[in-house]
Amino acid sequence: MAILPIVQYPAPVLAETAKPVADITEEIRTLAADMAETMYDAPGVGLAAPQIDRSIRLVTIDVSEEKNHLITMINPEIIATGEEKDTGEEGCLSLPGIYEKVNRFTEVTVRYQDLEGKTIEMEADGLLAICIQHELDHLDGKVFVDHLSQLKRNRACTKLRKLRQQATKDNQ
Ligand code: K1U
Ligand code: ZN
């Protein structure tokens, strides 16, 4: 297993529509295991393949307290949503240090293939529902700041630039 570098916004791969996974090969299984290790190390509650520079429809998620409920989703699709939406604070491993409120469905039903190629349908709410929507956005070339107004997105990008400049100075 390996910890992979996480691509930082605004890398072009984060704006691409990721391609479906055609075959669940040994390479895909190894990549999924490496993504899980990278996600736990970060630490994060989710990770999408474009964030490790692979433009394919593969995500890992674990929102459990104990970090013992890993979900690997291949070719995930949201097939239904509830009617309610709510606003909650989100972060992103590709924009470290930026936290903004995003409006999302509170309940979603997702269909995906697992690592054995079995089709799963799962109903989710709470942080899991938010995380699924956040990760599936990555597969469609969208990051959470794309949900914000232009003004708020510009402010977030300015803050990100300043945080990076400070980090560079701190490392000198
Ligand atoms: O896709 C990503 O960048 C991962 C992202 C997922 C996410 C976080 C919050 C709301 C929705 C989706 C993260 O995991 S950022 C890190 C984070 O929020 C966190 C880290 C450790 C424990 C709990 C949260
Ligand atoms: Zn993210």
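This passage describes the surroundings of two ligands in a predicted model and then some backbone features of the chain.

Ligand 1 is surrounded by 13 residues, and the closest of these are Val 45, Gly 46, Gln 51, Leu 93 and Glu 135. Sorted by class, this shell is made up of five nonpolar, six polar and two charged residues. Helix α2, which spans residues 126-139, provides the largest share of the shell, namely four residues. The space that ligand 1 takes up is the largest pocket.

Several of the closest residues place polar atoms beside oxygen atoms of ligand 1. In the case of Val 45, a backbone N or O atom lies 2.7 Å from an oxygen atom of the ligand, whereas for Gln 51 an N or O atom of the side chain is found 3.0 Å from an oxygen atom of ligand 1. Glu 135 likewise contributes a polar side-chain atom, which lies 2.7 Å from an oxygen atom of ligand 1. On its own, ligand 1 has 530 Å² of accessible area, and the protein covers 79% of this area.

Ligand 2 is a zinc ion, for which the protein donors are the SG atom of Cys 92 and the NE2 atoms of His 134 and His 138, at distances of 2.1 to 2.3 Å from the ion. Along the chain, the donors of the zinc ion follow the spacing C-x41-H-x3-H. Because His 134 and His 138 are four residues apart in helix α2, about one helical turn separates them.

The backbone was also examined for unusual geometry. Most peptide bonds are trans, and most residues other than glycine have a negative phi. Against this background, the peptide bond that joins Tyr 9 and Pro 10 is cis, with an omega of about 5°, and Pro 10 belongs to the segment before α1, the helix of residues 26-41. A cis peptide bond also leads from Ala 42 to Pro 43, where omega is near -5°; Pro 43 is located in the loop between α1 and β1, the latter comprising residues 46-48. Asp 53, although not a glycine, has a positive phi of about 70°, and Asp 53 is situated in the loop that runs between β1 and β2, with β2 covering residues 58-61.

Methods. Residues are numbered from 1 along each chain as its sequence is written. Chains are lettered from A and ligands numbered from 1 in the order in which they are written. This is a predicted model: local features need pLDDT of at least 70, side-chain atom pairs count only at pLDDT 80 or more; totals for chains, interfaces and linings use all residues. Side-chain values use heavy atoms; hydrogens and water are left out. A residue is near a molecule or strand if one of its heavy atoms lies within 4 Å of it. A polar contact is a pair of N or O atoms within 3.5 Å; within protein, one must be able to donate a hydrogen and the other to accept it, and residues adjacent in sequence count only if both atoms are side-chain atoms. Accessible areas come from the Shrake-Rupley method with a 1.4 Å probe; for residues, only the protein chains shown count as cover. On a 1 Å grid over the protein atoms alone, a cavity is a set of points where a 1.4 Å probe fits but cannot get out, and a pocket is an open set with protein on both sides within 12 Å along at least five of seven lines; lining residues have an atom within 4 Å of a point. A molecule sits in a cavity or pocket if more than half of its atoms lie within 2 Å of its grid points. Helices (H or I, at least four residues) and strands (E, at least two) are DSSP runs, numbered from the N terminus. Ala, Val, Leu, Ile, Met, Phe, Trp, Tyr, Cys and Pro count as nonpolar, Asp, Glu, Lys and Arg as charged, and the others, Gly among them, as polar. Donors are N, O and S atoms within 2.8 Å of the metal (3.2 Å for Na, K and Ca); water is not among the atoms, so sites may look incomplete.
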